[in-house]
Amino acid sequence: MNRRDLIKLFAAPPILTMSGLVNESAEPPGSVTDKDTYQLVIYGATPGGVACAVRAAREGIKVLLVSTYEHLGGMFSSGLGIMDTLYNGSRAPVYDEFRQSIYDWYRIKYGTDSAQYQATGPGISKTKYEASVAEKLIGSILTAEPNITIIKGFYPQKTEKNNRRIVSVFFRAIEGDTTKIIKGDLFADCSYEADLAVVAGVSCRVGRESKHEFNEKYAGVIYTEDVKPGEGTYNLDPDETAIIAKLNLYRYEHTSTIVFAPESTGEADPAIQAFNLRAIITDDPDNRILPEKPAHYDAAHFAKDYTHKAEKITLSRPNNKSSLNYPKLVGLQNKYVEGNWEDRSRVIQQFKDELLGLLYFRQNDASLPAAIREHWRKFGLAKDEFADNGHLPYELYVRESRRIKGKKVFTQNDAQLLKGLKRAPVHTDSISITEWFLDSHACTDKHVEGSKNEGEVMLKSETVPGQIPLATIFPTEFDNMIVPVCLSATHMGWGAVRLEPVWMCIGEVAAYAAAEVLTEKISVHQIDTEKFIYQLAAHRFMLTFFNDME
């Protein structure tokens, strides 16, 4: 069979759309008993998990979606408020559909000329939205699929296995003693923490590799400073800079370069990048709540640990809202990832206390200039967001956790120019592109003179779109497990992968892989790669990046 025949064989059906309308009263169909067996069990209602569930259901697969949280959608529903992408174009069906539904929702509700619709950024890459709207749209797309059953408030505790196959998963309720034993033909871990993969016994990476393990210049213990392209110790030569400038992507002004102090050893280190809680604030007097003085408030802590200039806050989300990207509590991230759910709850509470304490400090502390206090008193938590959670996000922004060990590993080098090729390395089994810059937020609070906090790397001007290989999403230990979110990558490679648009694409790919496995009755490792890649291409997945060409 030639390539033309393969494309015809896998010609994509028409894409269904959500039309921007929400059925707010819809409930997920079905109930779950221990006697039920599902063709595909997905753990994690992240955007990647949602895309996986929707595509699998549309392929006729009986799907169970298990969420630890009562609110579905991961960071879309927990304050992110923006599509972290540098590319304004089509990349995969469900992602494209969801993104368009955001524009449609605001356009239909408020009108094309409204401030709310214009705030979504129609025509630019970084679509903006409210968390409550994203949650409604996610609920609508899920409840529209009768093949999807949803259970909430459960996490995986152990698995039953038979050789290289997972037979069932023992789920326990976050609150109370309720348990469920769920049987499945295939299992997909779409959580941010890879908890299902871990309890099954999948080998994972946690922490940072040394710069020598995968020949990654920015890996390991590192101190950086910001530079502009062409200035100071900028890393690329003019020809490389010109190649990157031709890419039709959103560009930043600064990038990171290594501070060549003895402390930048490049040695492996267990600390991953820091998290935060993406609270939503507004200056709307009718929709803002000013935080009260927290129970364990310590003014001296905030006076010591934070700079207190009156930062300019741009309320760039619809309906006069914005998403705070701080405070960052560097040092708690590993405690969260490697802890149980009781440990994680304590970490989340520490983030809440820090956020509320900082807001209260800046609005009220007499040690601050009156202008700063007056500026910050304009803003409060949005009353119409997270109403059942103290108006704070449901989930912590887990930027990095575990990464499975697959047959292939996505590294820093997969998102940088390959010498002699003038683009990133080519993977013939590519399932998605990632165009975000290689990044890592601070990993520890250490610094040297003139540097950012240790571990912070933002390669905003020298990253190029890379290809993610199919073999990165299959754990080597099992024949019936897929891990589209915490896939096989190094810490530095992870920085270009860890964005919701990428995960939505890969989650949908995982659903097509599940359909192939169930139809052919094969292992995930036996998928005919060439045939599968042509299937993805026929369904209009972006598998490589060519928008620098005529």
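Within helix H3, which spans residues 93-110, Tyr106 and Tyr110 sit 4 residues apart, or about one turn of the helix. The model examined here is a predicted one, and a search across the whole structure turns up 21 aromatic pairs. Tyr106 and Tyr110 make up one such pair, and a stacked one: the ring centres are 6.1 Å apart, with 20° between the planes. Planes under 30 degrees apart count as stacked, which means that the 20° of this pair meets the criterion.

The two partners differ in their surroundings. Tyr106 has a relative accessible area of 0% and is therefore buried. Tyr110, at 30% relative accessibility, counts as partly exposed, because this class covers values between the 20% limit for buried residues and the 50% limit for exposed ones. Tyr110 also has a charged companion, as Lys109 lies over the face of its ring, 5.7 Å from the ring centre.

A second pair offers another geometry. The ring centres of Trp376 and Phe379 are separated by 6.4 Å and their planes meet at 70°, so this pair is edge-to-face. Here the threshold is an angle over 60 degrees, which is why 70° falls into that class. Trp376 and Phe379 are both buried.

Aromatic rings also gather into a group of four: Tyr69, Phe275, Tyr336 and Trp341 belong to one aromatic cluster. Within this cluster, Tyr336 has Arg344 over the face of its ring, at 5.0 Å from the ring centre. A charge over a ring is thus found at Tyr336, from Arg344, and at Tyr110, from Lys109.

How values were computed
Residues numbered from 1 in each chain as written. Predicted model: local features only at pLDDT ≥ 70, side-chain atom pairs only at ≥ 80, totals over all residues. Heavy atoms only, no water. Phe/Tyr/Trp six-rings, centres within 6.5 Å; stacked < 30°, edge-to-face > 60°. Helix = DSSP H or I, 4+ residues; strand = E, 2+ residues; numbered from the N terminus. Buried < 20%, exposed > 50% of the residue type's maximum accessible area, 1.4 Å probe, protein only. Lys NZ or Arg CZ within 6 Å of the ring centre and 35° of its normal.
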